[in-house]
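Colleague: I should be grateful for a close look at one part of this model, namely its principal pocket and what surrounds that pocket. Please set the part in the context of the chain as a whole.

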Amino acid sequence: MNHPFYNDQAHIAEEFQLHDSHTIQRARLAQFKINSYKLSLIKSAFCISRDELTGNLKSTLLNYTEPSLVLADIGFFASEVQN
């Protein structure tokens with residue numbers, strides 16, 4: 001009988017790559033938001049949108065996430081634990 005061969009290392013590496021690229025994209029987005037806010041503080045032309053930027057930063061960047069929610073989102077509790 002031919003049994004399929006599962007490559008766990010490839011799956012783990014691919015999963016890591018996906019999480020790593022997602023983290024990089026979120027960090028880049030956060031940097032853009034912070035730079036936009038800094039620009040609004042310096043340039044008076046952006047003072048109208050400063051309140052919008054402040055609200056955006058407070059609602060997206062400056063909030064705390066419970067570690068259990070992060071682990072649940074990535075499916076840590078759904079997978080089997082093997083020692």
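Modeller: K33 is a suitable place to begin, since this residue is found in helix α1, which spans residues 8–42. The model is a predicted one, and its secondary structure comes to 3 helices and 0 strands. Read along the sequence, these elements follow the pattern α-α-α.

The pocket itself comes next. The largest pocket holds about 430 Å³ of space. Its lining is made by 14 residues, of which H22, R26, T60, T65 and V70 are the closest to the centre. Two elements, α1 and α3, each give two or more residues to this lining. Helix α1 supplies the largest share, with 7 residues.

Two of the residues closest to the pocket centre, T60 and V70, lead to other parts of the chain. T60 is one of the contacts of K33; leaving aside residues up to four places away in sequence, K33 touches N56, L57, T60 and L61. K33 counts as buried because its relative accessibility is 18%, and the limit for burial is under 20%. For the chain as a whole, 5% of the 83 residues count as buried.

V70 leads to the surface. Together with I74, F76 and F77, V70 makes a nonpolar surface patch of about 400 Å². Within this patch, I74 is placed in the segment after α3, the helix that covers residues 67–73. The relative accessible area of I74 is 46%, so this residue is partly exposed, a class that lies between the 20% and 50% limits. The total surface exposed by the chain is about 7,800 Å², and carbon and sulfur atoms supply 58% of that area.

There remains the helix in which T60 is the last residue, α2, with residues 47–60. R50 is placed in this helix and may be set beside K33. R50 has a relative accessible area of 24% and is therefore partly exposed, whereas K33, at 18%, counts as buried. The contacts of R50, again without residues up to four places away in sequence, are Y37, S40, L41 and K43. One of these contacts, S40, is 10 residues from R50 in sequence, and the C-alpha atoms of the two are 5.7 Å apart in space.

In summary, the lining of the largest pocket draws two or more residues from each of α1 and α3. T60 is both among the residues closest to the pocket centre and a contact of K33, while V70 is likewise among those closest residues and belongs to the nonpolar patch.

Definitions and conventions
Residues numbered from 1 in each chain as written. Predicted model: local features only at pLDDT ≥ 70, side-chain atom pairs only at ≥ 80, totals over all residues. Heavy atoms only, no water. Patch = residues over 30% accessible without salt bridge, like charges linked within 9 Å, V, L, I, M, F, W, Y side chains within 5 Å. Areas by Shrake-Rupley, 256 points an atom, 1.4 Å probe, with all protein chains shown as cover. Salt bridge = Lys/Arg side-chain N within 4 Å of Asp/Glu carboxyl O. Helix = DSSP H or I, 4+ residues; strand = E, 2+ residues; numbered from the N terminus. Buried < 20%, exposed > 50% of the residue type's maximum accessible area, 1.4 Å probe, protein only. Contact = heavy atoms within 4.5 Å. 1 Å grid on protein atoms, 1.4 Å probe; cavity = no way out; pocket = protein on both sides within 12 Å on 5 of 7 lines; lining within 4 Å. Points joined across faces, edges and corners; volume = space filled by probe spheres on them.
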